[in-house]
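Q: Could you take a close look at the ligand site for me? I'd like to know what surrounds the ligand and where it sits.

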Amino acid sequence: MCGIIAYKGEENVVQIIIDGLKHLEYRGYDSSGLCIVSKNKTFLIKKTGKIDNLLEEVEKKQKRNEMTEGEIGIGHSRWATHGAVTEVNAHPHFSCDREIFVVHNGIVENYESLKKELIKKGHRFVSQTDTEVIPHLIEEYRKNNTFVAACEKTFQRLKGLFAIVALDKKTGEIIGTRNGSPLVMGIGEKGLFLASDIPAFLDKTNRVIFLDDGDMVHIINGEEYKIKNLISKKYLKKKINIIDWDKEEAEKGKHPHFMIKEIKEIPEAIKKATWQDKKTLQSVVNLIKKSSGVFFVGCGTAGHSCLFGQYAFSSLLGKRTGFSAASEFKNFLPALDKSALLIAVSQSGETIDTLEAVKKAKEKEIKVVSLVNVMGSTLTRISDYVLMINAGPEKCVLATKSYLSQLAVILLIVFSVLGQEQKGEDRLKKISRELHQLFEDKKFISQIQKLAKQLSSAEHIFTIGRSYDYPTALETALKIKEGCYIHTEAFAGGELKHGVIALIEKGTPCIVHLSKSEEEENTLINAMELQSRGAYIVGIGPEKKKDFDYFITVPEVEEAFSPLVNIAPIHLLSYYIALEKGIDPDKPRNLAKSVTVK
Ligand code: M6R
């Protein structure tokens, strides 16, 4: 959701904050702002819209000599929750004396009562946000305390999930804390960073401290810092982790959008998904074997990986398996006890619904295995076992490569439980090579571009698949909805004739996922049922079928692996439809990459 970046050090602060915000823009982007402190002067700039609007304003001010370089800065990209998208509501927010500036991600649940209390004490509020209570409360405590003590007292009064960074103009100190929302610290050669996510400062340093809930970081100068946990009240010496993500991986490079870059990285991502720590994988295999059943939780695309996991665990392992969207998990929890195993899947590792499901399972002593992409994210810290999916940074709001990495890790687990880990790994590596070839195939790409042109004017699209192709159909619908703003609905092939077929009219586009399985014939029958009611049938599968209006051929693979090859053309299709419609595929409207609020 919102993105936070803060820096104190010797380098060009304005540039660092702007670059950091650009890297974080994927988290939320309806407005942004920054506050720079330079020789006891503050420069506060806020803008609605894209970060470029903020950059333009900064450049204007610099040209007119209205803004100088600074030593300390905080920045924020906002995805509105409380208060409309306006410059006033954009962060940083400030105290009455304009000495304390705050950026915040999350929600202060008790802000109304705090605001009343502060107004009674004479504080003047200018915005409609929950955030604004924070600088005022710090200001109130600051009257009789140091900045650090005032922050500590303030943070302890806030209810809800949040990450906060506060800056004191007077002392030049920066204080950050987190409770349920992400905040990491970067240790650079020439300064210290706080940010919502590592890519925000990855071009400056790969030395990172992962903060835990309740940790409060006090940045004294560009080198010195203290970390205290506000729950245990102890000062901590935390490990500095070296992040092996390549900084180029977090950049667009020669590609016009992150989405196409990340789609092209799919073959590599599948290969890297097989790089699992053998010991952890074996522990997970043992847990699965001895569990009474496995329950998967995830949201959106990760939820579709979970549904795939349910199909694979049930059909290939004969394991009792359940799945629910993480936000619905509480309804299923009563049926689970500590003999069960929870598998949580999340690219970001910060999705609030998934984190809450995990916390609830842990309260019942249910062991949790998580499949995550972002190192050090909250999910990795609260799970019993973690398998990293190794997709590398994914910045486009639409999950593409991370989905295939999740599927690959699930398949690797399944084959390991079957005692056929090598076979699973070999199959995945072969698919990685085949998809690489497919993405290089100009004819294949232009076939998808042509289809994108045709479908870009569609109002409704339907998509079907049976068995393993059903999660694929659901993911197809999500990709076309969020990336192309076209209403797309997915159904299990057999379900169509139970009602939905009434919606099919002449020319309605229907995408049919096929794979080599005993269900293929039945899916073909469903496709023909659609066609005879006028639908325009697009097939995706390993063998071209003559009666289809359009057919995209993908490599032939064993049934359980078909979701990997069947979704790849959809990623490209969604990308090219978005371009046809003039949509920015990296940042579709109303969406944020990680959903850290309920
Ligand atoms: O970071 P997560 O995998 O937990 O995110 C889950 C969903 O928010 C995410 O998959 C979302 O549905 C994407 N926009 C899908 O493209």
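A: Happy to. In this predicted model, 14 residues surround the ligand, and the closest are Ser346, Gln347, Ser348, Thr351 and Glu482. Sorted by class, that shell holds six nonpolar, six polar and two charged residues.

Let's go through some polar contacts next. Ser346 places a polar side-chain atom 2.6 Å from an oxygen atom of the ligand. Ser348 also takes part through its side chain, where an N or O atom is 2.6 Å from an oxygen atom of the ligand. With Ala399 the partner belongs to the backbone: a polar backbone atom of this residue is 2.8 Å from an oxygen atom of the ligand. As for burial, the ligand on its own has 410 Å² of accessible area, and the protein covers 91% of it.

Now for the wider setting. The ligand sits in the largest pocket. Two or more residues of the shell around the ligand come from each of these elements: α9 (300-317) and α15 (469-484). At the level of domains, residues of the shell come from both domain 2 (252-438) and domain 3 (441-591), so the ligand lies between them.

To put the picture together: the ligand lies between domain 2 and domain 3, in the largest pocket, with the side chains of Ser346 and Ser348 and the backbone of Ala399 each offering a polar atom to an oxygen atom of the ligand.

Definitions and conventions:
Residues are numbered from 1 along each chain as its sequence is written. This is a predicted model: local features need pLDDT of at least 70, side-chain atom pairs count only at pLDDT 80 or more; totals for chains, interfaces and linings use all residues. Side-chain values use heavy atoms; hydrogens and water are left out. A residue is near a molecule or strand if one of its heavy atoms lies within 4 Å of it. A polar contact is a pair of N or O atoms within 3.5 Å; within protein, one must be able to donate a hydrogen and the other to accept it, and residues adjacent in sequence count only if both atoms are side-chain atoms. Accessible areas come from the Shrake-Rupley method with a 1.4 Å probe; for residues, only the protein chains shown count as cover. On a 1 Å grid over the protein atoms alone, a cavity is a set of points where a 1.4 Å probe fits but cannot get out, and a pocket is an open set with protein on both sides within 12 Å along at least five of seven lines; lining residues have an atom within 4 Å of a point. A molecule sits in a cavity or pocket if more than half of its atoms lie within 2 Å of its grid points. Helices (H or I, at least four residues) and strands (E, at least two) are DSSP runs, numbered from the N terminus. Ala, Val, Leu, Ile, Met, Phe, Trp, Tyr, Cys and Pro count as nonpolar, Asp, Glu, Lys and Arg as charged, and the others, Gly among them, as polar. Domain bounds come from an automatic or database domain assignment.
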